[in-house]
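Visitor: I am new to this structure and would like a close look at a single part of it. Please choose one and walk me through it slowly.

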Amino acid sequence: EVPKQVSARIPLAKREVFDFAKYPALTAVGKLSLLGGTWCTLTLVDEKIAVTAGHCLLVTNFKFDLTKPIPNGMMNVRLKPKGAAPIDDVFVKRVIKASLKPDFAIVELNRRIPSNLIRPLKVTATRSLDLRNSKAGLGCAGFNGDADLGSSGLLMTISREIEIVDDSMVPERLDTNCFATYGG
């Protein structure tokens, strides 16, 4: 989310409804629904492993014991392969690691998602990556969180060529002008 004090300076990124034909790799992005009605974006990074924002699990109205296996139905996952019906009966089985600083969570799913249906999104890192002056090539995907695009604000959207908010890069937080929120 863009802080209010800088939102007037930076125009929001271009947003569009997710299109499987244009962005087949983003089928790895899905929706995590938690008991109590809250939801977040979740990204498949291996056949049974996914990542989301830590606050999605640690700051909720319903408290989970993250040291124990999560009962089926408490954290539902919805993934949709290209050209196919959504994959049902996918749940978070356990939380491998969750943190608020930095804000991330790694979870194990109750079943394997075959890579011929959905290819996990590869995660790479480098110590020399500096995003402060980058624009081209950056993007984000997630559920739009508002009703601007219809379907009660629950359509998956992508934002391309996002910008980093000046002076926002700290170890715990990176602010952008991206529309995708809640773990996107």
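Guide: What follows is a walk around the strand pairings, with a stop at a sulfur link on the way.

This is a predicted model, in which local features need pLDDT of at least 70 and side-chain atom pairs count only at pLDDT 80 or more, while totals for chains, interfaces and linings use all residues. Residues are numbered from 1 along each chain as its sequence is written, and side-chain values use heavy atoms, with hydrogens and water left out.

Let's begin with the whole chain. The protein chain has two helices and nine strands, arranged along the sequence as α-β-β-β-β-α-β-β-β-β-β. Here helices (H or I, at least four residues) and strands (E, at least two) are DSSP runs, numbered from the N terminus. Of the 184 residues in the protein chain, 40% are buried; buried means under 20% relative accessible area, exposed over 50%, and partly exposed in between, with a 1.4 Å probe and protein chains only.

Now for the barrel. Six strands close into it in the order 2-3-4-7-6-5, with antiparallel pairing. From one strand to the next, the twist averages 40°; axes are lines fitted to C-alpha atoms, for helices over the stretch in contact, and angles run from 0 to 180 degrees between N-to-C directions. Two strands count as paired if DSSP finds at least two bridges between them. In general, strands of a sheet pair through backbone hydrogen bonds, either parallel or antiparallel.

Follow the barrel from strand 4 (residues 49-52), which pairs with strand 7 (residues 103-109) in the antiparallel sense over four bridges. Ile49 stands opposite Glu108 in strand 7, and Ala50 has Val107 of strand 7 as its bridge partner. Strand 7 also pairs with strand 6, again antiparallel, over seven bridges. These two strands form a hairpin with two residues between them. Across the hairpin, Ser99 stands opposite Phe104, while the bridge partner of Lys97 is Ile106. Strand 6 is joined to strand 5 (residues 75-79) as well, by three bridges in an antiparallel arrangement, and there Leu79 stands opposite Ile87.

Strand 6 spans residues 87-100, so Leu100 has its place there. Leu100 is partly exposed, with a relative accessible area of 42%. Together with Leu58 and Val59, Leu100 makes a nonpolar surface patch of about 240 Å². Patches are made of residues with over 30% relative accessible area and no salt bridge, joining like charges within 9 Å and nonpolar side chains (Val, Leu, Ile, Met, Phe, Trp, Tyr) within 5 Å. A salt bridge is a side-chain nitrogen of Lys or Arg within 4 Å of a carboxyl oxygen of Asp or Glu. Accessible areas come from the Shrake-Rupley method with a 1.4 Å probe; for residues, only the protein chains shown count as cover.

One last stop is the sulfur link. The structure holds one disulfide, a pair of cysteine sulfur atoms within 2.5 Å. It joins Cys40 to Cys56, S to S 2.0 Å. Cys40 lies in strand 3 (residues 39-44) and Cys56 in helix 2 (residues 55-58), so the pair ties together parts that are 16 residues apart in sequence. The torsion about the S-S bond is about -100°, so the disulfide is left-handed. Cys40 counts as buried at 5% relative accessibility, and Cys56 is buried at 3%.
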